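Hi,

Here's the structure I promised to pass along. Have a look, and then see my notes underneath.

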Amino acid sequence: CSGTGNASPPRREYSRRSATRLLIADALRSGEKCVGDLQTLVGDDISTVSRHLSVLREAGIVTSEKRGTSIYYSLAIRCLDSFLACTGDMLTKRSL
């Protein structure tokens with residue numbers, strides 16, 4: 001459709017969001033992390049990282065556990081580990 005009120009984000013923005021979510025999921029392969037840890041890795045503000053985590057949680061990719069004032073996230077689907085390793089290898093080869 002050409003410009004008839006389509007509110008979807010441009011393809012480049014969608015790709016950036018997807019890449020950020022893959023980066024977050026990849027970071028969780030090594031174990032649980034809190035939002036602050038992931039924010040440092042991603043480089044976005046905490047509210048943006050929290051929105052990414054919310055999308056991942058709603059999709060069933062990550063789980064969360066509140067401890068005191070912090071929320072810790074971990075991968076919900078263990079088979080993602082091999083998928084993310086394969087994806088990371090592919091992206092590394094592409095960038096070379």
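Below is what turned up on the hairpin and the salt bridges.

A heads-up first: this is a predicted model, so local features need pLDDT of at least 70 and side-chain atom pairs count only at pLDDT 80 or more, while totals for chains, interfaces and linings use all residues. Residues are numbered from 1 along each chain as its sequence is written, and side-chain values use heavy atoms, with hydrogens and water left out.

Strand 2 (residues 62-67) pairs with strand 3 (residues 70-75) in the antiparallel sense, over 6 bridges. Strands here are DSSP runs of E, at least two residues, and helices are runs of H or I, at least four, both numbered from the N terminus; two strands pair if DSSP finds at least two bridges between them. The two form a hairpin with 2 residues in between, and G68 in the turn has a positive phi of about 65 degrees. Further along, K66 sits opposite I71 in strand 3.

On to charges: the count is 3 salt bridges (a side-chain nitrogen of Lys or Arg within 4 Å of a carboxyl oxygen of Asp or Glu). R67 bonds with E32 that way, closest N and O atoms 2.8 Å apart. That pair links distant parts of the chain, 35 residues apart: R67 is in strand 2, E32 in the loop between helix 1 (11-27) and strand 1 (33-34). E65 also meets R67 in a salt bridge, at 3.2 Å from N to O, and shared partners join E32, E65 and R67 into one network. Separately, D26 forms a salt bridge with R29, again with 2.8 Å between the closest N and O atoms.

Cheers
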